[in-house]
Amino acid sequence: MIRVWDFVCHHGHRVERFVEAGIEEVECGCGAMGKRQIAAPRVTLDGCSGDFPTAADAWERRRESHMRLERKNVENHGTYD
Ligand SMILES: [Zn+2]
């Protein structure tokens with residue numbers, strides 16, 4: 001299953017990557033390896049399917065700035081839409 005996983009490197013950076021469930025480590029932006037975290041179930045990407053990694057990348061970049069808004073939407077509507 002391909003989905004977004006959270007990884008944390010030993011510098012404490014949190015990294016989100018769109019990878020298969022078997023991937024336990026990814027390279028963090030700082031060059032260290034990030035270990036996969038046990039993450040709470042996450043709602044599917046807004047409108048993106050797993051067949052479009054580039055869309056997922058764009059989503060990942062967008063997410064930082066939209067996280068606050070998304071949280072608000074979840075509180076208000078219970079979805080990421
Ligand atoms: Zn790092």
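## A tour from the first hairpin

Start by selecting residues 2-9, strand β1, together with residues 14-20, strand β2: these two strands pair in the antiparallel sense, with 7 bridges between them. Keep in mind as you look around that this is a predicted model.

Next, zoom in on one pair across the two strands. Select valine 4, then look across to β2, where phenylalanine 18 stands opposite.

Now follow the chain to the place where it turns back. β1 and β2 make a hairpin, and 4 residues lie between the two strands. Click on glycine 12 in this turn: its phi is positive, at about 90 degrees.

Stay with the loop and select histidine 10, which also lies between β1 and β2. Is histidine 10 buried or exposed? Histidine 10 counts as exposed, because it has 11 C-beta neighbours inside 10 Å, and a residue with 12 or fewer is called exposed.

Keep histidine 10 selected and add methionine 33. Along the sequence these two are 23 residues apart, yet in space their C-alpha atoms are 7.5 Å apart. Try drawing a distance line between those two C-alpha atoms to see this for yourself.

Finally, zoom out and colour the protein chain by secondary structure. You should find 1 helix and 4 strands. Travelling from the N terminus, you meet them in the order β-β-β-β-α, so the helix comes after the strands.

Two figures describe the whole chain. Of its 81 residues, 7% count as buried. Among contacts between residues at least 6 apart in sequence, 31% join residues at least 24 apart.

Key. Residues numbered from 1 in each chain as written. Predicted model: local features only at pLDDT ≥ 70, side-chain atom pairs only at ≥ 80, totals over all residues. Pairing = 2+ DSSP bridges. Buried ≥ 20, exposed ≤ 12 C-beta atoms within 10 Å, placed from the backbone. Contact = placed C-beta atoms within 7 Å.
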